[in-house]
Every structure is written in C-alpha cells, then in structure tokens.
Amino acid sequence: MEAQRVIHTIDPVFDGRSHVLVLGTMPSPASRQVGFYYGHPQNRFWRVMERLFGRADHTLQDNDDRIAFLLSERIALWDVLASCSIEGASDASIADPAPNDLTRILDAAPIKRVFTTGGTAAKLCRRFDGALLRERGIEHIALPSTSAANARMRLDDLVAAYRPLYDALHEDGGR
C-alpha cells in the first residue's frame, strides 16, 4: 500500500462544559468514510465508552448518539494531527505530520486532562502539544489503542485501562 497525504476533515466534538479531551492520531480510512471518530467496526473505542459509563452494549452506534454521549459526559474528542502522509490506517507509517491547533478547544472549554489513544498519538501529542499542556497545567495521560490491531488487550483490559478517564470526570463529586 502506498502512503497518501491525508487532511483531517472531521470537526472536533466539544462545548464549553468539556472537561477532558481525548485525542487519537488521525482518522482511519473507515472513520473518514463514515465521517466520525473510531468508525471502523472492529475498533473498540465506543464499546469501551459504553462499559466505562454503564451504558448498554451497542447503544453508541450512530454518530448523533455518540456526539450526544460525549457532550453529556463532558468529553471533547479530536485528533493530534491535522494532516500527514499515511499508508491506510497504519500509525507506524505516518510521515510529515502537521498538528491540529488544540487552543481551539483549550480556549473554549475548561479541559483538565488530555488523554491520548495509542502510543503514536501519545508520542505526537508530547512532541507537538507538550509545552502548551505544561504551560496550562493540563495533565497528559497516555491510554492504549482501542484498535483491533491491539489484539493483546481484551475489552475488559481496555475498560480497566480507560478508568482514569472516567475518574477524571467524576473526581470531587463529578459534575
């Protein structure tokens, strides 16, 4: 497969009540096709969110339900990169990355923590946004990838690994 230049075209999800920001690397071809984050049917991000937040399985299926869930739980969602060259969905193949401007969200919402999904997202976030997050006193927490390619982690393992995200939204009594 040959690398292609991909421009991020999916809007971030956030509002003035968002308290945590979850960043992936770049939308996969499947996500770009459905026009929303974690759109590959084998990606477990939405199943992890359902379990973590006590929702019934497979209730976060359509994009409108996913947006409503994120906003109701005060979760902002975007990606570290605005563009890059990439082969398919392989984060390992990323070249010439250009970052999204996180101030778009950080200036509009009281973000306390940034969570990245997967090693490449964490590495790129530290590279491009580390100074900004430190300057604003925002903690960065790296979480494992929910991609099916991360087969060594079962769904229950991922839910446990994502617990800090839930806890960040419910500390000091939550809302």
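## Close-up views of a predicted model

**View A. Arg-74 counts as buried, at 3% relative accessibility.** Buried means under 20% relative accessible area, exposed over 50% and partly exposed in between, with a 1.4 Å probe and protein chains only. This is a predicted model: local features need pLDDT of at least 70, side-chain atom pairs need 80 or more, and totals for chains, interfaces and linings use all residues. Residues are numbered from 1 along each chain as its sequence is written, and side-chain values use heavy atoms, without hydrogens or water. Arg-74 sits in the loop between α3 and β3 (75–79). Helices (H or I, at least four residues) and strands (E, at least two) are DSSP runs, numbered from the N terminus. The phi of Arg-74 is near 70°, a positive value in a residue other than glycine.

**View B. His-19 touches Arg-74 from another loop.** His-19 lies between β1 (4–7) and β2 (20–24). With a relative accessible area of 18%, His-19 is buried. Look for Pro-110, Ile-111, Lys-112 and Arg-113 in this view. His-19 is in contact (heavy atoms within 4.5 Å) with each of these four, and with Leu-169. Residues up to four places away in sequence are not counted here.

**View C. Ser-31 belongs to helix α1.** Ser-31 is buried, at a relative accessible area of 3%. Beyond four places in sequence, Ser-31 touches Ile-10, Phe-36, Tyr-37, Tyr-38, Gly-39 and His-40. Compare the place of Thr-59: Ser-31 and Thr-59 are 28 residues apart in sequence. In space they are 18 Å apart, C-alpha to C-alpha.

**View D. Tyr-38 has a positive phi although it is not a glycine.** The value is about 55°. Find Tyr-38 in the loop between α1 and α2. At 12% relative accessibility, Tyr-38 counts as buried. Ser-31 is among its contacts.

**View E. Helix α2 is mostly covered.** Of its 8 residues, 6 are buried. These are Phe-45, Trp-46, Val-48, Met-49, Glu-50 and Leu-52. Several elements take part in covering them. Two strands to look for are β2 and β3, and a further one is β6 (113–117). Helix α3 also contributes, as do α6 (155–161) and α7 (163–170). Just after α2 comes Gly-54, with a positive phi of about 70°.

**View F. The largest nonpolar core has 52 residues.** Such a core is a set of buried Ala, Val, Leu, Ile, Met, Phe, Trp, Tyr and Cys residues joined through side-chain atoms within 4.5 Å. Trp-46, Met-49 and Leu-165 have the most contacts inside it. Trp-46 and Met-49 are buried residues of α2. Leu-165 is in contact with Met-49 and Phe-53. Leu-165 also meets Val-20, Val-22, Ile-75, Phe-115 and Leu-143. Its neighbours within four places in sequence are left aside.

**View G. Cys-84 and Cys-125 stand apart, and the structure holds 0 disulfides.** A disulfide is a pair of cysteine sulfur atoms within 2.5 Å. The closest cysteine sulfur to that of Cys-84 is in Cys-125, at 15 Å, so it is too far for a bond. Cys-84 is buried, with a relative accessible area of 0%. Cys-125 is buried too, also at 0%.

**View H. The largest pocket has a volume of about 590 Å³.** A pocket is an open set of points on a 1 Å grid over the protein atoms alone, where a 1.4 Å probe fits, with protein on both sides within 12 Å along at least five of seven lines; lining residues have an atom within 4 Å of a point. A volume is the space filled by probe spheres set on the joined points. The lining of the largest pocket has 28 residues. Closest to its centre are Asn-43, Ala-89, Asp-91, Ser-145 and Ser-147. The elements giving two or more residues to this lining are α1 (29–34) and α5 (119–135). The largest share, 3 residues, comes from α1.

**View I. The second largest pocket holds about 270 Å³ of space.** Its lining has 16 residues. His-40, Pro-41, Asn-43, Arg-47 and Gln-61 are the closest to the centre. Here α2 (45–52) and α3 (63–72) each give two or more residues. Helix α2 gives the most, with 3 residues.
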